Amino acid sequence: MNIKTIKNFFPRKSYFFPYLFYSILTFFVWYKTKFDVTQFVPDFNWYFSYGFHFWGDLNSNLSTNIFNNINVDIDNWQPNPLYTIVFLSPIYILGSKVIFAIEGFLIGIGCIFLVRKILSQLNSKINERIKFFSLIVFSISPIMLTNTIALSTNGVFGFFLLISIAYSKNFPIRTISLIFASIVRPNFVLLLPIFLICYFKSL
């Protein structure tokens, strides 16, 4: 393999490495936890209790067993419905921690794809190797891993926010994704500058 061939391979054909590294780390966590990734969600019990009451008789046996082993008071706490009712539904309705774990994995893969798309839209003067290693760092960063593998509210929020940035020139997509992001994280107003960038700046 000559030098020219190496240059052609790196980094274009090696962009699958971030996906590979993320997948390996995810599969390792699944193996160690037996797909019980809910233990990494900080406020899982609070969100779960709210959704359990919402689904009522539709709850699976797994959902009922989890609820019977938690003790929280949700009378004075109102979680966001999108994350609680929709993203936790594999546990409520299907009674499957495996599907819930896969859901988080797909969100993670989606985040890597979106960050790569965002990087590709940046100034072409930025070295491709810098973009590549930035994507590697992102894919294996603790924040990325914990919030997507465990499918936390931050992970879902970040996914929708990345969509709005990656597709900032597409008005319907960026608008819908920002609406979803604001539903998942009501304190979205704190990120108003990013919101404005998505609307008024071409990447």
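## A tour from a buried lysine to the nonpolar core

Begin by selecting Lys131, which counts as buried because its relative accessibility is 3%. Keep in mind throughout that the model on screen is predicted.

With Lys131 still highlighted, add Glu128, with which Lys131 forms a salt bridge whose closest N and O atoms are 3.5 Å apart. The two residues lie three apart in helix α8, and are therefore separated by about one helical turn. Glu128, in contrast to its buried partner, is partly exposed, because its relative accessible area is 37%. As general background, side chains of opposite charge can pair when their charged atoms come close.

Next, show the whole of helix α8, residues 128-140, together with helix α9, residues 142-149, and look along the two axes, which come within 5 Å and cross at roughly 50°. The two helices are therefore oblique to each other. To see where they touch, display the side chains of Phe138, Ser139 and Ile140 in α8, which meet Pro142, Met144 and Leu145 in α9. Of the residues in this contact, five are nonpolar and one is polar, while none is charged.

How many salt bridges does the structure hold? There are two, and for the one not yet visited, select Asp36 and Lys97, whose side chains meet with an N to O distance of 3.3 Å. This pair links distant parts of the chain, since Asp36 sits in the loop between α2 (16-33) and α3 (44-55), whereas Lys97 belongs to helix α7, 61 residues apart from Asp36. Are these two residues buried or partly exposed? Asp36 counts as partly exposed because its relative accessibility is 22%, and Lys97 is likewise partly exposed, with a relative accessible area of 23%; the cut-off for buried is under 20%.

From Lys97, extend the selection to the whole of helix α7, residues 97-120, which gives the most to the largest nonpolar core, with 10 residues. That core has 49 residues, and those with the most contacts inside it are Phe48, Phe87 and Phe160. In soluble globular proteins, nonpolar side chains tend to be buried together.

For the last stop, centre the view on Phe160 and ask which residues it touches, leaving aside those up to four places away in sequence. The neighbours to display are Leu82, Phe87, Ser177, Phe180, Ala181 and Val184. Phe87, one of these neighbours, is also among the three residues with the most contacts inside the core.

Terms used. Residues numbered from 1 in each chain as written. Predicted model: local features only at pLDDT ≥ 70, side-chain atom pairs only at ≥ 80, totals over all residues. Heavy atoms only, no water. Axes fitted to C-alpha atoms, helices over the stretch in contact; angles between N-to-C directions. Helix = DSSP H or I, 4+ residues; strand = E, 2+ residues; numbered from the N terminus. Parallel < 35°, antiparallel > 145°, perpendicular 65-115°, else oblique. Contact = heavy atoms within 4.5 Å. Nonpolar A, V, L, I, M, F, W, Y, C, P; charged D, E, K, R; others polar. Core = buried A, V, L, I, M, F, W, Y, C linked by side-chain atoms within 4.5 Å. Buried < 20%, exposed > 50% of the residue type's maximum accessible area, 1.4 Å probe, protein only. Salt bridge = Lys/Arg side-chain N within 4 Å of Asp/Glu carboxyl O.
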